[in-house]
Amino acid sequence: MVAQPNQLNQPNLPNLPRIEPGANSINSTNHYLCIMQFSSTLLENAVTEFAKLPGIGKKTALRLVLHLLKQETADVTTFSEVIARMRSEIRFCQRCFNVADGDFCSICANSMRKQEVICVVESVRDVIAIESTQQFNGTYHVLGGVISPLDGIGPDQLNIESLVNRVRKENTEELIFALNPTIQGDTTIYYIQKKLQPLQVRVTTIARGIAFGGELEYADEMTLARSLQNRLPVESYVAGQ
Ligand SMILES: [Zn+2]
């Protein structure tokens, strides 16, 4: 019997770096991703496309693709058609820039909603978040972002002019700003409010303060200060429960 060279040389193997299971997990994951080998180009292409989605790494992408591979062909066809149709046919409401199936979104087209109240938000995600509370019965205006000179985003790149025109044309009663509490959000509110001043519309912002279930001692000074500024009479706080 001929001894394997490996067995013979084992005691003299060079000192390879030892990979500790937890300690080196990031490096070993990267190493694994680099050497992920596919026996099918079609599979590899699908994994590459899924891995382009936010929050999806290559391992998750592979899991999703293999899951689809187990499904009926008709189901996967429906899945891909729904995605393709969503991208090619979806439109933006001509009035509020929310997503819509036609010229106007279902909120603008709904006569039961208070059309004279506009909630100004940054993105469509915010519309969905506020709608999920089922506490708002007005309409929206999606700005498409906030003013951020450092990122090269000025007022002209946002749906601000259309908002001012809308308020002027529709005799809006109240404009509620529901922007993220950031310097950029505040700058945007300030800019729009200046533009609206001649129109005498009531302008408000959503309350900012301690999150429900949050702890006072861990709140930053700005949040705590705003909570004090925006304090509520206890009766209305209790009534809002
Ligand atoms: Zn709309």
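Here is a walk through this structure, from its overall make-up to its sheet and its core.

First, some ground rules: this is a predicted model, where local features need pLDDT of at least 70 and side-chain atom pairs count only at pLDDT 80 or more, while totals for chains, interfaces and linings use all residues. Residues are numbered from 1 along each chain as its sequence is written.

The protein chain has 10 helices and 6 strands (DSSP runs numbered from the N terminus, H or I of at least four residues for helices, E of at least two for strands). Of its 241 residues, 12% are buried, meaning that 20 or more other C-beta atoms, placed from the backbone, lie within 10 Å of the residue's own.

Now for the sheet. It's an open one, with 4 strands in the order 4-3-5-6 and parallel pairing (two strands pair if DSSP finds at least two bridges between them). Strand 4 and strand 6 (202-205) sit at the edges with a single partner strand each, so one side of each has no neighbour in the sheet. Strand 5 (residues 174-177) is joined to strand 6 by 4 bridges, and Ile176 has Thr204 in strand 6 as its bridge partner.

Next comes the largest nonpolar core, a set of buried Ala, Val, Leu, Ile, Met, Phe, Trp, Tyr and Cys residues joined through C-beta atoms within 7 Å. Among its 22 residues, Cys96, Val120, Val121, Tyr140, Val142 and Leu143 touch the most other members. Strand 3 (117-121), strand 4 (139-142) and helix 7 (161-170) each supply at least two residues of this core, and strand 3 gives the most, with 4 residues.
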